[in-house]
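Here's a short set of exercises to work through with the model open in your viewer. Try each task before you read its solution.

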Amino acid sequence: MSAPQHDLLCIGNAIVDVLAPVGQDLIDGLGAAAGSMTLIDAATAHAIESRVDIENVTGGGSGANTAVVAARMGAKVAYLGKVTADEAGDHFTRDMREQGITFPSEPLPAADGTPTARCIVLVTPEGQRTMFTYLGACTEFTFEDVHESVVADAAITYLEGYLYDKPQAQEAFEHAARLARKAGRQVALTLSDTFCVERHRAAFHELVAGHVDILFANEAELLALYEVTDFEEAVTQVSAETKLAVITRSEKGAVVIGEGERHDVPTTEVKVVDTTGAGDAFAAGFLAGLSRKHDLVTCAKLGNQAAGEIITRYGARPTEAFTLTA
């Protein structure tokens, strides 16, 4: 087996984040609860954008955030996700490539009529972030968008649970996992959200037990997956289903079960400014550690530190490269 060209390949929802400062009156007028996330259609996205002064447009999406943080930590990273050949899609593509990330995905033609996904983040003066998300082109990801050569050349293929909603995406996940296994590589999955787990519990069980080497979840997602209320019971079940399970527990740190051992890895308390992207950053730190052949405890410490760096600032990505030491 040849050495991989990339340490990590992330597959997920390709989204641009559109940030705009607003007053609370606009949030109220849109009928949204402050701090909430609402799924919207293309017409609603256009209507909201026409009412605000856009301050910043950045690449986004959970798996893309993981890809960027891992790349900033020195890992060699590739990414696959669906965009359209429109202004937002061009921005996402340019942003990923400027980060040094391999992004070979072919965009949908603009004439297709499905715009690139965007998350409109409305920020009030006190820093409250209310989000409106249009999923658009990213939901059109299919098995044909999985590049066999890219999967084969990545040590780990990391699958974002948020992408899992449509049957065609589920087929793409299984296809990517089989290609990775065929090439002698590893497969990682993040459960992403308790709502994702509840929608696809049986399918996630099958994916975890049959295709996944490394599972990332927070405590609530793990409990939802096994439909239990006791954390230790969930740990027992997951340890029987996958080679390596990595569970984050907020201020309690992380629990890592792998290689026949369990490690409870504490974290350092920091002043929390914005928790957006904390789980994405943790996975990036952990996987960047694996790429350097660190032991599991050191990987978890790197994950904790990466998440700690992110939550002390606004936004899900660092503004510059950073070096962490476990």
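**Exercise 1.** Start with a strand pair: in which sense do β9 and β10 run, and how many bridges join them?

Solution. Strand β9 (residues 186-190) and strand β10 (residues 214-218) run parallel, with three bridges joining the two. To check the register, pick L189, which stands opposite L215 in β10. Keep in mind that this is a predicted model.

**Exercise 2.** Now zoom out: what is the strand order of the sheet of eight strands, and which strands sit at its edges?

Solution. Going across the open sheet, you read β5-β1-β8-β9-β10-β11-β12-β13, and the pairing is mixed. At the edges you find β5 (77-80) and β13 (261-265), each of which pairs on one side only. Next, look at the angles: neighbouring strands here are turned by 15° against each other on average, direction ignored. Then add helix α11, which packs on this sheet and touches β1 (6-11), β8, β10, β11 (244-248) and β12 (254-258). The direction of α11 makes about 155° with that of β10.

**Exercise 3.** Place T248: which strand holds T248, and what is T248 in contact with once neighbours within four places in sequence are left aside?

Solution. First, T248 belongs to strand β11. Second, with those neighbours set aside, the contacts of T248 are A217, N218, E219, G253, A254 and F282. Third, try a distance from T248 to S62: the C-alpha atoms are 16 Å apart in space, while the two residues are 186 residues apart in sequence.

**Exercise 4.** Work out the sheet of five strands: what is its order, and why do β3 and β4 each have one side without a neighbour?

Solution. This open sheet has the order β3-β7-β6-β2-β4, again with mixed pairing. β3 (37-39) and β4 (56-60) stand at the edges with a single partner strand each, so one side of each has no neighbour in the sheet. From one strand to the next, the twist averages 20°. For a closer look at one edge, take β3 and strand β7 (residues 129-134), which pair in the parallel sense over three bridges. Within that pair, L39 stands opposite T133 in β7.

Now the helices. Helix α2 (residues 42-49) packs on the sheet and touches β2 (15-21), β6 (117-123) and β7, with its direction at about 40° to that of β6. Helix α4 (residues 87-98) also packs on the sheet, touching β2, β4 and β6, and its direction makes about 65° with that of β4.

**Exercise 5.** Describe the second largest pocket: how much space lies in it, and which residues come closest to its centre?

Solution. The second largest pocket holds about 340 Å³ of space. Its lining has 16 residues, and the closest to the centre are A155, I156, Q186, L290 and K293. By class, the lining splits into seven nonpolar, four polar and five charged residues. As for elements, β8 (154-160) and α11 (278-291) each supply at least two lining residues.

**Exercise 6.** Finish with the whole chain: what does the radius of gyration of the protein chain agree with?

Solution. Count the elements: twelve helices and 13 strands. For 326 residues, a compact globule would have a radius of gyration near 20 Å, and the protein chain has 19 Å, which agrees. Along the principal axes, the C-alpha atoms fill a box of roughly 55 × 40 × 40 Å.

Terms used. Residues numbered from 1 in each chain as written. Predicted model: local features only at pLDDT ≥ 70, side-chain atom pairs only at ≥ 80, totals over all residues. Heavy atoms only, no water. Pairing = 2+ DSSP bridges. Helix = DSSP H or I, 4+ residues; strand = E, 2+ residues; numbered from the N terminus. Axes fitted to C-alpha atoms, helices over the stretch in contact; angles between N-to-C directions. Contact = heavy atoms within 4.5 Å. 1 Å grid on protein atoms, 1.4 Å probe; cavity = no way out; pocket = protein on both sides within 12 Å on 5 of 7 lines; lining within 4 Å. Points joined across faces, edges and corners; volume = space filled by probe spheres on them. Nonpolar A, V, L, I, M, F, W, Y, C, P; charged D, E, K, R; others polar. Rg over C-alpha atoms; globule rule 2.2 N^0.38 Å.
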